[in-house]
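Work through the exercises below with the sequence and the model side by side, and try each task yourself before you read its solution.

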Amino acid sequence: TERREELGRKHQQGSLALGGLLLKEGRHEQAVEVYRRAIGQDRYLERAHRGLMRSYWLMGERGRALEHYQALLEVLREGLGTAPAPETRTLYESLRRGDV
């Protein structure tokens, strides 16, 4: 079990790193897929949600990025009884204002 958890963490870290590299290379659609898979494995992984929101934004899909934040609010509230991390809220506010 411990080894499986360790491998899961490494896979998660690798996915987040790959998503970031894809974003830097302008491969936003591929980044979306990487972040979606990461979220599919851990729906509370806010770094992946932030990456997905950035990807949508960079693809010109501002509304989709903002809608994703709203969906994340519900996931966190219902599943964990919590609000998004400050980094996630800051990104949302930046996207909402359009100054990303």
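**Exercise 1. Find the residue with a positive phi that follows helix H3, and then examine the helix itself.**

Solution. Begin just past the end of the helix: H3 is followed by Gly60, and the phi of Gly60 is positive, near 85°. Bear in mind that this is a predicted model, and that every value in these solutions is computed from it.

Next, check the length of the helix. H3 covers residues 46-58, which makes 13 residues, and at 1.5 Å a residue these should span 18 Å; since the C-alpha atoms at its ends are 18 Å apart, the expected and computed spans agree.

Then ask how much of the helix is covered. In H3, 10 of the 13 residues are buried, among them Glu46, His49, Arg50, Leu52 and Trp57. The cover over these buried residues includes helix H1 (2-24), helix H2 (28-41), helix H4 (62-80) and helix H5 (86-97).

**Exercise 2. Decide whether His49 is buried or exposed, and list what it touches.**

Solution. First locate the residue: His49 is found in helix H3. Its relative accessible area is 4%, and because a residue counts as buried under 20%, His49 is buried. Finally, leaving aside residues up to four places away in sequence, His49 touches Ile39, Arg43, His68 and Leu72.

**Exercise 3. Describe the largest nonpolar core and say which helix gives the most to it.**

Solution. Start from a general expectation: in soluble globular proteins, nonpolar side chains tend to be buried together. In this model, the largest nonpolar core has 22 residues, and those with the most contacts inside it are Tyr35, Ala48, Leu52, Met53 and Leu95. Now assign the core to helices: H1, H2, H3, H4 and H5 each supply at least two of its residues, while H2 gives the most, with 6 residues.

As a last step, take one of these well-connected residues and list its neighbours. If residues up to four places away in sequence are not counted, Tyr35 touches Leu16, Gly19, Gly20, Leu23, Ala48, Gly51, Leu52 and Ser55.

**Exercise 4. Check the length of helix H4, and state which helices are included in the cover of its buried residues.**

Solution. H4 has 19 residues, and the distance from its first C-alpha to its last is 27 Å, close to the 27 Å expected at 1.5 Å a residue. Its buried residues are Ala65, Leu66, His68, Tyr69, Leu72, Leu73, Val75 and Leu76, and what covers them includes H2, H3 and H5. Just after H4 comes Gly81, which takes a positive phi of about 65°.

**Exercise 5. Classify the aromatic pair formed by Tyr69 and Tyr92 from its geometry.**

Solution. The description rests on two quantities: a pair of aromatic rings is described by the distance of the centres and the angle of the planes. The structure holds 1 aromatic pair. The ring centres of Tyr69 and Tyr92 are 4.0 Å apart and their planes lie at 15°, so the pair is stacked, given that planes under 30 degrees apart count as stacked. The pair links distant parts of the chain, with Tyr69 in helix H4 and Tyr92 in helix H5, 23 residues apart. Both Tyr69 and Tyr92 are buried.

**Exercise 6. Determine whether Ser94 counts as buried or exposed, and how Gly14 is classified.**

Solution. Ser94 has its place in helix H5, and because its relative accessibility is 15%, Ser94 counts as buried. Not counting residues up to four places away in sequence, Ser94 touches Asp99 and Val100. Gly14, by contrast, lies in helix H1 and is partly exposed, with a relative accessible area of 38%.

**Exercise 7. Summarise the overall fold, and compare the radius of gyration with that of a compact globule.**

Solution. Count the elements: there are 5 helices and 0 strands in the protein, and along the sequence they follow the pattern α-α-α-α-α. For 100 residues, a compact globule would have a radius of gyration near 13 Å, and the protein has 14 Å, which agrees. Taken along the principal axes, the C-alpha atoms fill a box of roughly 45 × 35 × 20 Å. Lastly, 38% of the 100 residues count as buried.

Conventions. Residues are numbered from 1 along each chain as its sequence is written. This is a predicted model: local features need pLDDT of at least 70, side-chain atom pairs count only at pLDDT 80 or more; totals for chains, interfaces and linings use all residues. Side-chain values use heavy atoms; hydrogens and water are left out. Helices (H or I, at least four residues) and strands (E, at least two) are DSSP runs, numbered from the N terminus. The expected span of a helix is 1.5 Å times one less than its number of residues. Buried means under 20% relative accessible area, exposed over 50%, partly exposed in between (1.4 Å probe, protein chains only). Contact means heavy atoms within 4.5 Å. A nonpolar core is a set of buried Ala, Val, Leu, Ile, Met, Phe, Trp, Tyr and Cys residues joined through side-chain atoms within 4.5 Å. Rings of Phe, Tyr and Trp (its six-membered ring) pair if their centres lie within 6.5 Å; planes under 30 degrees apart count as stacked, over 60 as edge-to-face and the rest as tilted. The radius of gyration is taken over C-alpha atoms; the globule rule is 2.2 Å times the number of residues to the power 0.38.
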